[in-house]
Structures are given as C-alpha cells and as structure tokens.
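Hi everyone, thanks for coming. I'd like to walk you through a protein chain today, so have a look at the screen while I talk.

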Amino acid sequence: MRVVVQRVTKASVTVDNTIISEIGTGVLILLGIEAADTEDDLLWLTNKISNLRIFEDEEGVMNLSLKDVKGEALIVSQFTLHAATKKGNRPSYIKAARPEFAEPMYEQFVKQMATILETKVQTGKFGAMMDVSLVNNGPITLLIDSKNKE
C-alpha cells in the first residue's frame, strides 16, 4: 500500500457536482492498493498514519498525532499512486490492484482507521471520478509505502 498523507485545515470530495464528504482539521489520505498488499500492510499503515506526530503542540512543535488532536480523516482511493513511468510517456498501472481486490481492502482500511481514531472516517467514492479539494496546512505532505518501511 502506498499513501500520500496531507495535513489539512479542511478537505472535501465532490462527485457529479455534489460534495459527498468533507472534513475540518485532520488528514487527507490518498490510498493506493496493489495486488501484493496484505492485511499486515493495512494494519501497519493505519497504525503509522494514526500515530504520526505531524500536529503542533502548544509550543508550535510537531509532537502531536492525529489521535492526540482528535483530528478527522478523509480517505480517497488513488490507484494512480502505483503508476510506473519508467518507459514511455503513458503511465502503466499494472501494479495497481484490480477493483475486486482493491475495493474490499479500501473498505477495510477505512474501517480500521475509524476503529483506531474512535470516530467516523470520511471517504471518497471508490471508482468514481472525483474532485478533491484541500487546504494543505504547513504544507505537510508525506509519502509512505508499506513495502518500504523507512
């Protein structure tokens, strides 16, 4: 699994000119799932994201996690995070999981994040063409890959 995590003051997802999800202070998570992903990848990544100390404490130091600040999360499926661009100019998505595997993993990821955060998690619409809006706070943007646990 590969994610882009962005600290936001607000974010929303619009489908067919209708806002379907929105959050205030928290994180926007763009989630890419590949066929080789397992439940271990999912558990490691949800725990990592929930506990990342990317929010400022009273002294302005990034010492607080999403859990600490009781922030919100918006999770959007993003198969293009697994694009291979080495050859030619047309990205290849061969590593991205097929929808029949990716959608249940996406739903499990959302459920696990909600369990860890002890709150409802907002989502995009799997497989839909979406407009994602955000105000990136910081800006803080992190790339995390469960296959490369650095």
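I'll go through the core, then the pockets, then the aromatic rings, and finish with a few spots in the backbone.

One thing before we start: this is a predicted model.

Okay, the core. In soluble globular proteins, nonpolar side chains tend to be buried together. Here the largest nonpolar core has 27 residues. If you want to find it on the screen, click on Ile-49, Ile-75, Phe-109 and Met-113, which have the most contacts inside that core. Which elements build it? At least two residues each come from strand 1 (2-15), strand 3, helix 1 (39-51), strand 6, helix 3 and strand 8. Helix 3 gives the largest share of this core, with seven residues.

Now for the pockets. The largest pocket has a volume of about 520 Å³. Its lining is made up of 24 residues, and the ones nearest the centre are Ser-77, Gln-78, Phe-79, Thr-80 and Gly-127. Keep Phe-79 in mind, we'll meet that residue again with the rings. Where does the lining come from? Strand 3 (26-32), strand 6, helix 3 and strand 8 each put in at least two residues, and strand 3 has the largest share, with four. Sorted by class, the lining of this largest pocket has 17 nonpolar residues, six polar ones and one charged one.

Then there's the second largest pocket, with about 190 Å³ of space. What does its lining look like by class? This time we get three nonpolar, three polar and five charged residues. Among the lining residues are Lys-67, Lys-70, Glu-72, Glu-118 and Lys-120. Helix 2 (66-69) and helix 3 each supply at least two residues of this lining.

On to the rings. A pair of aromatic rings is described by the distance of the centres and the angle of the planes. How many aromatic pairs does this model have? The count comes to two. One of them is Phe-79 with Tyr-93, and that pair is edge-to-face, with 5.1 Å from centre to centre and 75° between the planes. Both residues sit in the loop between strand 6 (72-77) and helix 3 (99-117), 14 residues apart. Are these two buried or exposed? Something in between: Phe-79 is partly exposed, because its relative accessible area is 47%, and Tyr-93 counts as partly exposed too, at 34%.

Next comes Tyr-106 with Phe-126, a tilted pair, 5.7 Å centre to centre with 45° between the planes. Tyr-106 is in helix 3, while Phe-126 is in the loop between strand 7 (122-123) and strand 8 (131-145), so this pair ties together parts that are 20 residues apart in sequence. Tyr-106 has a relative accessibility of 4%, so that residue counts as buried. Phe-126, at 23%, counts as partly exposed.

There's also a charge sitting over a ring: Lys-149 lies over the face of Trp-44, 5.2 Å from the ring centre.

Last part, the backbone. Go to Gly-138 and Pro-139, which are joined by a cis peptide bond, with omega at about 0°. Pro-139 is in strand 8.

Which residues other than glycine have a positive phi? I've picked out Asn-17, with phi near 65°, and Glu-118, with phi near 55°. Asn-17 is in the loop between strand 1 and strand 2 (18-23). Its relative accessible area is 77%, so Asn-17 is exposed. Glu-118 is in the loop between helix 3 and strand 7. With a relative accessible area of 72%, Glu-118 is exposed as well. And remember, Glu-118 also helps line the second largest pocket.

One more for you to find: Ala-11, in strand 1. Is Ala-11 buried or exposed? Buried, because the relative accessible area is 5%. Now jump to Ala-73, which is 62 residues away along the chain, and you'll see that the two C-alpha atoms are separated by 9.2 Å.

If you only take home a few things, take the 27-residue core, the largest pocket with its 24 lining residues, and the two aromatic pairs. Thanks for listening!

Definitions and conventions:
Residues numbered from 1 in each chain as written. Predicted model: local features only at pLDDT ≥ 70, side-chain atom pairs only at ≥ 80, totals over all residues. Heavy atoms only, no water. Phe/Tyr/Trp six-rings, centres within 6.5 Å; stacked < 30°, edge-to-face > 60°. Buried < 20%, exposed > 50% of the residue type's maximum accessible area, 1.4 Å probe, protein only. Lys NZ or Arg CZ within 6 Å of the ring centre and 35° of its normal. 1 Å grid on protein atoms, 1.4 Å probe; cavity = no way out; pocket = protein on both sides within 12 Å on 5 of 7 lines; lining within 4 Å. Points joined across faces, edges and corners; volume = space filled by probe spheres on them. Nonpolar A, V, L, I, M, F, W, Y, C, P; charged D, E, K, R; others polar. Core = buried A, V, L, I, M, F, W, Y, C linked by side-chain atoms within 4.5 Å.
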